[in-house]
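Here's a friendly tour for anyone meeting this structure for the first time. Have the sequence and the 3D view open as you read.

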Amino acid sequence: MSNLQFDFEIIHKINELKEIKKEQILELIDEVPRQVIFETASNLRDDKKGKVISFSKKAFFNIINLCRDTCSYCTYKAEPEDTKLSLMDEKTIRELARLAKKYNCTEALFVTGERPEQKYKEAKDWLRKKGFSSTTEYLIHCSEIVLREGVFPHTNAGNLTKNEMKELGKTNVSLGVMLENSSVRLREDGMPHQDAPSKEPVARLNILKNAGELKIPMTTGILVGIGETLEECIQSIYDIKKIHQKYGNIQEIILQNFHPKPKTSMFEHSTPEENYFKMVVALCRMIMPEANIQIPPNLSPDNYNEFLSVGINDWGGISPITSDYVNPEFSWPNIQNVEKKCNNLGFSLNARFPVYPEFIPLINKDLKQRISLIADEKNYVKESYWK
Ligand code: SF4
């Protein structure tokens, strides 16, 4: 078969939105010019999502940044003696929620390390003094605080049990856990997740599946450029897709480009090559044409056009009041500037809640009622609320 015929057939299949198999994707990479793949992904986004890019106006709550695990690229994790140690008490959480509300943020992003109380006496004692036996118990309590203040919690606390997710699901409009990658190779000696049992792919996929059974909208994603292969990224997207096909609960896929951080063992590791990263994004759009695909806007502030041209439709959370504690060296862009850049490239920018509109029907009745009351009170539906 000539390349031209192959191009035509495969592109036709994708445009018809028929299921594209992994073998076809692998063939596509070998046979079809890169630019054709990128343009096809961009057209698919236009077709399924229009020329509209969304974002969530958020406040980042750095609840507890001690962590049981060690990933080779992480600088979020602190040690008890570090100046960056964060143990957010209820008063600080309430005050930040009020500030978030004042700034019309709709999302309270709760982040913690992986079960810090299992490794650090400091975390265990701190929680116990407050009357909690685990970080998750504390998160459940604090989620209620921020929801009462009129901000929607979205918790990303690593490997939660099904029961913990069920409890958090009473107040959290969505939950998040990065798959990172479904390759077990990345857990081997010398690989980035060697000392991070919580990043065992089967455990992470199980969380997404449990969320599906609980009807909780989930944010997940892949960290690109940590030593994986393109095929492993493709497999990871198919693994996420399989769960979504069964449960319909994967509300977005974050594709995050790795950046080396000082004082980590991956400091000398380079960022992913731009065309490689763009290929992952484009293939994600082809494999899951209807998905919400997000790239964090602060990690590549000069590359908006590059990413919009391979099929993304979301910039994720942007905070006007707090840092990105996971990537503190990258400041959040000004929202008006993001809008200007999008407009100049032919897109409009729309604010969204930390649950995408099409996933609101999934969440439980009581929570739906509570968030609709907040949305009404704040007039959140008005396009101009975040300006
Ligand atoms: S990436 Fe998450 S799990 Fe890994 S060390 Fe950092 S905080 Fe812990």
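## Helix H6

In this predicted model, the buried residues of H6 are Thr135, Thr136, Tyr138, Leu139, Ile140, Cys142, Ser143, Val146 and Leu147. The helix has 14 residues, and there are 20 Å between its first C-alpha and its last, close to the 20 Å expected at 1.5 Å a residue. Right after H6 comes Gly150, with a positive phi of about 95 degrees.

## Helix H4

H4 runs over residues 90-102, which makes 13 residues. From first C-alpha to last it reaches 18 Å, close to the 18 Å expected. Its buried residues are Ile93, Leu96, Ala97 and Ala100. They cover an arc of only 105 degrees around the axis, so they sit on the same side of H4. As a general point, an α-helix has 3.6 residues a turn, so residues three or four places apart point the same way.

What about the face turned away from the buried side? There you'll find the exposed residues Lys91 and Lys102. The buried residues of H4 are covered by, among others, strand E1 (52-64), strand E2 (107-112) and helix H6 (135-148). Just past the helix, Asn104 takes a positive phi of about 60 degrees.

## The nonpolar cores

Which residues touch the most other members of the largest nonpolar core? They are Phe61, Ala108, Val281, Leu283 and Cys284, out of 86 residues in that core. Helix H10 (residues 274-287) gives the largest share, nine residues. There's also a second, separate core of eight residues, which includes Ile53, Ile318, Cys342 and Ala351. More broadly, nonpolar side chains tend to be buried together in soluble globular proteins.

Let's zoom in on Ala108. Setting aside residues up to four places away in sequence, Ala108 touches Ala59, Phe61, Ala97, Ala100, Val146, Val151, Phe152, Pro153 and His154. Two of the names in that list, Ala97 and Ala100, are buried residues of H4, while Val146 is one of the buried residues of H6.

## Helix H10 and Ala282

H10 is mostly covered, with 11 of its 14 residues buried. Those are Phe277, Lys278, Met279, Val280, Val281, Ala282, Leu283, Cys284, Arg285, Met286 and Ile287. Its length works out neatly too: at 1.5 Å a residue, the 14 residues should span 20 Å, and the end C-alpha atoms are indeed 20 Å apart.

Ala282, which lies in H10, is a good residue to click on. It counts as buried because 28 other C-beta atoms lie within 10 Å. Not counting residues up to four places away in sequence, Ala282 touches Ile37, Phe38, Ala41, Val310 and Gly311. The C-alpha atoms of Ala282 and Phe307 are separated by 9.0 Å, with the two residues 25 residues apart along the chain.

## Ile64 in strand E1

Ile64 is part of strand E1. Is Ile64 buried or exposed? It counts as buried, because it has 26 C-beta neighbours inside 10 Å. Leaving aside neighbours within four places in sequence, Ile64 is in contact with Ser86, Leu87, Thr112, Gly113, Pro116, Ala123 and Thr135. One of these, Thr135, is among the buried residues of H6. Ile64 and Glu117 are 53 residues apart in sequence, yet their C-alpha atoms are 9.8 Å apart in space.

## Around the ligand

Which residues are found around the ligand? The list is Cys67, Asp69, Thr70, Cys71, Cys74, Tyr76, Lys77, Gly113, Glu114, Gly158, Ala196 and Ser198. This shell divides into five nonpolar, four polar and three charged residues. Gly113 in that shell is also one of the contacts of Ile64.

## Two backbone oddities

Most residues other than glycine have a negative phi. Arg115 isn't a glycine, but has a positive phi of about 30 degrees. It lies in the loop between E2 and helix H5 (121-130), and Arg115 counts as buried because it has 22 C-beta neighbours inside 10 Å.

Lys215 is another residue other than glycine with a positive phi, near 60 degrees. You'll find Lys215 in the loop between helix H8 (201-214) and strand E5 (218-224). With 15 other C-beta atoms within 10 Å, Lys215 is partly exposed.

Technical notes
Residues numbered from 1 in each chain as written. Predicted model: local features only at pLDDT ≥ 70, side-chain atom pairs only at ≥ 80, totals over all residues. Helix = DSSP H or I, 4+ residues; strand = E, 2+ residues; numbered from the N terminus. Expected span 1.5 Å × (residues − 1). Buried ≥ 20, exposed ≤ 12 C-beta atoms within 10 Å, placed from the backbone. Arc of directions from axis to C-beta. Contact = placed C-beta atoms within 7 Å. Core = buried A, V, L, I, M, F, W, Y, C linked by C-beta atoms within 7 Å. Near = placed C-beta within 6 Å. Nonpolar A, V, L, I, M, F, W, Y, C, P; charged D, E, K, R; others polar.
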